[in-house]
Amino acid sequence: MSQYKAPLRDIHFLLNDVFDAGTQWAALPEIAGNLDLDTAAAILEEAGKLASESLAPLNRSGDEEGAQWNDGVVTTPAGFKEAYATYTEGGWVGLSGNPQFGGMGMPKMLAVHVEEMLYAANSSFTLYSVLSSGACLALDTHASAELKDSYLPPMYEGRWAGSMCLTEAHAGTDLGLIRTKAEPRADGSYAITGSKIFITGGEQDLTENIIHLVLAKLPDAPAGPKGISLFLVPKVLVKADGSLGERNAVSCGSIEHKMGIKASATCVMNFDGATGWLVGEPNKGLAAMFTMMNYERLSIGIQGIGCAEASYQAAVAYARDRLQSRAPGGPVAKDKAADPIIVHPDVRRMLLTMKAFNEGGRALATYVGAQLDQAKYGTDADARAAAQARVALLTPVAKAFFTDTGLESCVQGQQVFGGHGFIREWGQEQLVRDVRIAQIYEGTNGIQALDLLGRKVVADGGKALDDFLAEIREFARQPGVEYRDALLEAVKQLEETSQWVRDQAGNDPRQIGAASVEYLHLFGYVTYAYLWSKMASVAKARLDSDPDFHSAKLATARFYFNRLLPRIEGLIACLRGGADSLYELGAEQF
């Protein structure tokens, strides 16, 4: 079984050569004094060691042991506590956190790569920490100064964790249906009563406290999503001096028995008049929670890349070693009874598909990270607004396309192993199980597709899309662009299809939902084409500096344009099939 190794060479190619991160960081005053490429390289090196040496060795054993629940107490698998102590000692929870409260203040453009390494090594472990990071971001953005001063420093330290409590048994995507109530008290706190399900890390034994961010409704709240407020509810109440007091009225009723991520505790959380504090304004909690949700959506997308990268590395190692049959053109390993399976066309098809998706996804994660940094730290208001619009457009694509292609890649990796891929000891079946949830939680991929097409493309008349396509066309006008014609043709097809959907939706609102999933995939493939053209152009210009790496990048780009981008033709044909055929059956006919 192969060991996970952080893809540092590819990450440095993206940061240093493709996106010129050093120049971008130097232009952002809040980052410029804290980070340069050498410091970034050192951080990535340490993150890679943490992932491969501390977390990856616990992945299979954690899956086999799983998180355990006993009378409200959740125990994580053997080794998790020690690994978490190592993790927090390195300050990783606060990597991109606000330095005012103890965070490291690193840019998202760097943090996305650290998250990929962590997910690749051990998705279950990583979920505990990324929920804390997202909760910190929501508090830093929306909480009062008093709450931030009290809660952010120990959360960034990793002594306290965070959780996100949205879903109820009857209310998943439609959060306007939630029943959890918040009753105001005379001291300014609130009594929170209700039950939440599917709460990642709602209870665990890694930290001394857990800070739950809970959606609930005030007594006079308007109906629906406009009546939701956000509350901070600690597991253990905090005294005025910052020390821990008595246990709050919060308990874990059970944990779920799941297909994958078994070492991550997915909890039923009961709030029985628990003490909480309002975060942000009354009845505007959903908007505040979206700060955390959008962070987690990108992060969960990156889980798809991480699992696929781990699967790819294992599949390549196996394909180089496993002997079966002879190469189509004659023996390659003439001194052996058969050739390694990496010589066979179908195995190469699978490996190249994985490689092209992984490296394309990594490039898009870097791009979105750069946009997030510009939106947060940029000095020009117009540039910040443009970057925020770009992030809003691309977040559903990143979440859904990363995880859809992540599952496809993990299944391909399992397939490379043949029968051994179905056997537990080789690790591929666990990756398939672990990555599967990423298409479901943090908003199912179908919901992401509706968000992209309905809100980001149709509702605003396509302005955000037009701006993005204008950027791609501007890039294509530069000299030395590889695959210019294919890229521009793909952009044209995306633009024409977008207009077709807008036209159809004006007459039949069902058309958006009917076209949305294929549309998101079309968008994803065209976006990857942009990034593969960019990467190929840089690789060709720098071919002599590292021939082996850059020639591999060029060959993978060629495969992407020849074998993967053409999938958009079928996607366009499917979505132009319209909504009518989806509604010809009555409900009783299914």
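**Exercises on strand pairing, helix packing and burial**

Tyr 190 has Gly 276 as its bridge partner in S11. The structure is a predicted model, in which local features need pLDDT of at least 70 and side-chain atom pairs count only at pLDDT 80 or more, while totals for chains, interfaces and linings use all residues. Residues are numbered from 1 along each chain as its sequence is written, and side-chain values use heavy atoms, with hydrogens and water left out.

**Exercise 1. Determine which strands pair with S11, and in what sense.**

Solution.
- Step 1. Helices (H or I, at least four residues) and strands (E, at least two) are DSSP runs, numbered from the N terminus. Two strands pair if DSSP finds at least two bridges between them.
- Step 2. S5 and strand S11 (residues 266-279) are antiparallel and joined by 9 bridges. Within this pairing, Ile 199 stands opposite Cys 267 in S11.
- Step 3. Strand S10 (residues 250-255) is antiparallel to S11, with 5 bridges; Ser 254 has Val 268 as its bridge partner in S11.
- Step 4. Strand S7 (residues 229-234) pairs with S11 in the antiparallel sense over 3 bridges, and Leu 230 has Val 279 as its bridge partner in S11.
- Step 5. Buried means under 20% relative accessible area, exposed over 50%, and partly exposed in between (1.4 Å probe, protein chains only). Because 10 of the 14 residues of S11 are buried, this strand is largely enclosed by the rest of the structure.

**Exercise 2. Describe the surroundings of strand S5 and its hairpin.**

Solution.
- Step 1. Strand S5 (residues 190-200) is mostly covered, with 8 of its 11 residues buried.
- Step 2. Strand S4 (residues 181-184) runs antiparallel to S5 and is joined to it by 4 bridges. Lys 181 has Thr 193 as its bridge partner in S5.
- Step 3. S4 and S5 form a hairpin with 5 residues between them, and Gly 188 in the turn has a positive phi of about 95 degrees.

**Exercise 3. Classify the packing of H4 against H7.**

Solution.
- Step 1. Axes are lines fitted to C-alpha atoms, for helices over the stretch in contact, and angles run from 0 to 180 degrees between N-to-C directions. The axes of helix H4 (residues 37-55) and helix H7 (residues 108-121) come within 9 Å and cross at roughly 10 degrees.
- Step 2. Angles under 35 degrees count as roughly parallel, over 145 as roughly antiparallel, 65 to 115 as roughly perpendicular and the rest as oblique. H4 and H7 are therefore roughly parallel.
- Step 3. Contact means heavy atoms within 4.5 Å. Residues that meet across the two helices include Ala 40, Ile 43 and Leu 44 in H4 and Leu 110, His 113 and Val 114 in H7.

**Exercise 4. Classify the packing of H1 against H17.**

Solution.
- Step 1. Helix H1 (residues 8-18) and helix H17 (residues 510-541) pack at about 80 degrees, with axes 11 Å apart.
- Step 2. H1 is therefore roughly perpendicular to H17.
- Step 3. Phe 13, Leu 14, Asp 17 and Val 18 in H1 meet Lys 534, Met 535, Val 538 and Ala 539 in H17.

**Exercise 5. State whether Asp 71 and Asn 59 are buried or exposed.**

Solution.
- Step 1. Asp 71 lies in the loop between strand S1 (68-70) and strand S2 (73-75). Asp 71 counts as exposed because its relative accessibility is 67%.
- Step 2. Asn 59 is located in helix H5 (residues 59-65). Asn 59 is buried, with a relative accessible area of 14%.
- Step 3. Leaving aside neighbours within four places in sequence, Asn 59 is in contact with Ala 121, Asn 122, Ser 123, Gln 430 and Asp 434.
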